[in-house]
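Got the viewer open? Let's take a short walk through this one, selecting one piece at a time.

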Amino acid sequence: MIRVLVVLFVLAISLSCDKKTDKVIVDSSSVVDYKIIESTYSDAEKAIEELDRKAVIDLYKNGIERNSKHKIEFFFISSSAENAKKLNKYLELMGYTAGYRQMHDKKDFAVIGYTKPVSINEEAVVGWAKEMSKIAEKNSSVFDGWQIAVK
């Protein structure tokens with residue numbers, strides 16, 4: 001599946017990953033917000049990798065320590081309830097928490113959830129995101145992005 005060159009990574013982070021529990025962030029000044037509208041790269045996959053690398057570097061700048069472990073919130077889009085259910089089950093078998101619901105447009109379904117704690121560094125996150133894209137393709141879906149809350 002060809003990924004669109006226009007990438008919308010909106011990481012309006014609303015939850016914080018804590019060692020004990022996930023907590024809601026009240027102060028929006030602690031949110032790293034990524035709004036990448038357009039890429040100048042001719043190769044969409046390389047552009048997305050570069051955006052993921054930059055996002056991780058921005059997380060470091062905003063208080064996430066390199067190689068610290070955090071849950072990553074992820075987002076997928078599926079064109080049918082059947083595909084969303086299949087993807088959701090696959091993610092749960094990986095040990096992730098996930099759920100799906102119909103989107104407001106009443107056409108597509110969003111699959112949203114959290115990973116187990118992941119070591120946060122450029123290589124690990126970029127590799128994880130590539131794997132999520134492959135999983136999306138295998139389940140007739142699109143990997144729409146990820147986010148990590150910062151304090």
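**Stop one: a helix**

Select helix H2, residues 81-93: its 13 residues reach 18 Å from the first C-alpha to the last, close to the 18 Å expected at 1.5 Å a residue (the expected span is 1.5 Å times one less than the number of residues). Helices (H or I, at least four residues) and strands (E, at least two) are DSSP runs, numbered from the N terminus. Before going on, note that this is a predicted model, where local features need pLDDT of at least 70 and side-chain atom pairs count only at pLDDT 80 or more, while totals for chains, interfaces and linings use all residues. Residues are numbered from 1 along each chain as its sequence is written, and side-chain values use heavy atoms, leaving out hydrogens and water.

Now show the side chains of Asn83, Ala84, Leu87, Asn88 and Leu91, which are buried in H2. Buried means under 20% relative accessible area, exposed over 50%, and partly exposed in between (1.4 Å probe, protein chains only). Looking down the axis of H2, you'll find its buried residues within an arc of 135°, so they line one face of the helix (the arc is that of the directions from the helix axis to the C-beta atoms). Turn to the face away from the buried side and you meet the exposed residues Glu82, Lys85, Lys89 and Leu93. Just after H2 comes Gly95, with a positive phi near 95°.

**Stop two: the sheet**

Next, pick S5, S6, S4 and S8: these 4 strands form an open sheet in that order, with antiparallel pairing. S5 and S8 are the edge strands, each pairing on one side only. Two strands pair if DSSP finds at least two bridges between them; S4 and S6 have 6 bridges, in the antiparallel sense. Zoom in on Phe74, and you'll see Gly113 of S6 standing opposite. H2 packs on this sheet, touching S4, S5, S6 and S8, where contact means heavy atoms within 4.5 Å.

At the S8 edge, select Val142. Is Val142 buried, partly exposed or exposed? Val142 is partly exposed, with a relative accessible area of 32%. Add Ser79: the two are 63 residues apart in sequence but 9.0 Å apart in space, C-alpha to C-alpha.

**Last stop: a loop**

Finally, go to Asn121, in the loop between strand S7 (118-119) and H3. At 10% relative accessibility, Asn121 counts as buried. A polar atom of its side chain lies 2.8 Å from the backbone nitrogen of Ala124. Leaving aside neighbours within four places in sequence, Asn121 is in contact with Val56, Tyr60, Arg66 and Asn67.

Note on methods. Axes fitted to C-alpha atoms, helices over the stretch in contact; angles between N-to-C directions. Polar contact = N/O pair within 3.5 Å; in protein donor to acceptor, adjacent residues only side chain to side chain.
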